[in-house]
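Reader: I would like to go through this structure term by term. For each label, tell me what justifies it.

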Amino acid sequence: MGWMYILLAAVFEVIGVLGLRLFSHARTVKNGVIYLGGLGGSFAFLYMAFLYLQISVAYAVFIGIGTAGAVLLNMIFFGESKSYFRMLSLIVIIIGVVGLKALS
């Protein structure tokens with residue numbers, strides 16, 4: 001159950017980052033709700049995950065998934081660079097997250 005909460009927390013984090021990006025370009029109520037709702041949901045699910053998992057592993061996996069998701073989102077939808085080194089760095093993050101999950 002804890003890993004499901006981590007996954008949900010990461011998804012909500014990506015939604016919150018999307019909302020932050022939208023809110024920084026256009027300060028509308030809708031963008032503010034996406035931003036605050038996403039990050040609020042993220043922390044709520046992270047809190048729930050801490051009830052089942054070690055905090056150090058749960059937080060590291062949460063950050064890794066959220067970071068990779070935000071980078072991918074920005075590459076796909078906002079035209080950020082897809083350079084070789086960025087892709088390699090993203091793969092290293094994913095390997096680290098999988099390693100933490102496998103060893104916990």
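Author: Start with contact, which here means heavy atoms within 4.5 Å. By that rule, and leaving aside neighbours within four places in sequence, S42 is in contact with A9, F12, E13 and F62. Keep in mind that this is a predicted model.

Reader: What makes S42 buried or exposed?

Author: Buried means under 20% relative accessible area. S42 has a relative accessible area of 1%, so S42 is buried. This serine lies in helix α2.

Reader: How many helices and strands does the protein have?

Author: There are 4 helices and 0 strands. Along the sequence the pattern reads α-α-α-α. The C-alpha trace spans about 40 × 35 × 15 Å along its principal axes. Of the 104 residues, 30% count as buried.

Reader: Why is the pair R21 and E80 called a salt bridge?

Author: The rule asks for a side-chain nitrogen of Lys or Arg within 4 Å of a carboxyl oxygen of Asp or Glu. The N to O distance between the side chains of R21 and E80 is 3.8 Å, so the pair meets the cut-off of 4 Å. R21 lies in helix α1 (residues 2–25) and E80 in the loop between α3 (55–77) and α4 (84–103), so the salt bridge ties together parts that are 59 residues apart in sequence.

Reader: Which residue does E80 form a salt bridge with, apart from R21?

Author: That residue is R86, and the closest N and O atoms of E80 and R86 are 3.3 Å apart. This value also falls within 4 Å, so the label applies. The count by this rule is 2 salt bridges, and R21, E80 and R86 are linked in a network.

Reader: How do you know that R21, E80 and R86 are partly exposed?

Author: Partly exposed is the range between the cut-offs of 20% and 50%. R21 has a relative accessible area of 26%, E80 has 28% and R86 has 28%. These values lie between the two cut-offs, so the three residues are partly exposed.

Reader: What makes the largest nonpolar core a core?

Author: Its members must be buried residues of nonpolar kinds, joined through side-chain atoms within 4.5 Å. The largest such set has 11 residues: Y5, I6, A9, L46, A49, L53, V57, A58, V61, F62 and V97. The elements that give two or more residues to this core are α1, α2 (29–50) and α3. The largest share, 4 residues, comes from α3.

Reader: Which residues is V61 in contact with, leaving aside its neighbours within four places in sequence?

Author: V61 is in contact with W3, I6, V97 and L100. Two of these, I6 and V97, are listed in the core along with V61.

Reader: Why are α3 and α4 called roughly antiparallel?

Author: Angles over 145 degrees count as roughly antiparallel. α3 and α4 pack at an angle of about 155°, with their axes 9 Å apart. The angle is over the cut-off, so the two helices are roughly antiparallel to each other. The contact is made by V57, A60, V61, G64, I65, T67, A68, V71, L72 and M75 of α3 and R86, M87, L90, I93, I94, V97 and L100 of α4. The crossing is left-handed.

Reader: What makes α1 oblique to α3?

Author: The two helices pack at an angle of about 40°, with their axes 8 Å apart. Roughly parallel needs an angle under 35 degrees, and roughly perpendicular needs 65 to 115. The angle meets neither condition, nor is it over 145, so α1 is oblique to α3. The residues in contact include W3, I6, A9 and R21 of α1 and V57, A58, V61 and F62 of α3. The crossing of α1 and α3 is right-handed.

Reader: How do you know that M87 is partly exposed?

Author: The relative accessible area of M87 is 35%, which is between 20% and 50%, so the label follows. M87 lies in helix α4. Not counting residues up to four places away in sequence, M87 touches M75 and K82. M87 and S104 are 17 residues apart in sequence and 26 Å apart in space, C-alpha to C-alpha.

Technical notes: Residues numbered from 1 in each chain as written. Predicted model: local features only at pLDDT ≥ 70, side-chain atom pairs only at ≥ 80, totals over all residues. Heavy atoms only, no water. Buried < 20%, exposed > 50% of the residue type's maximum accessible area, 1.4 Å probe, protein only. Axes fitted to C-alpha atoms, helices over the stretch in contact; angles between N-to-C directions. Left-handed = near helix turned anticlockwise from the far one by under 90°.
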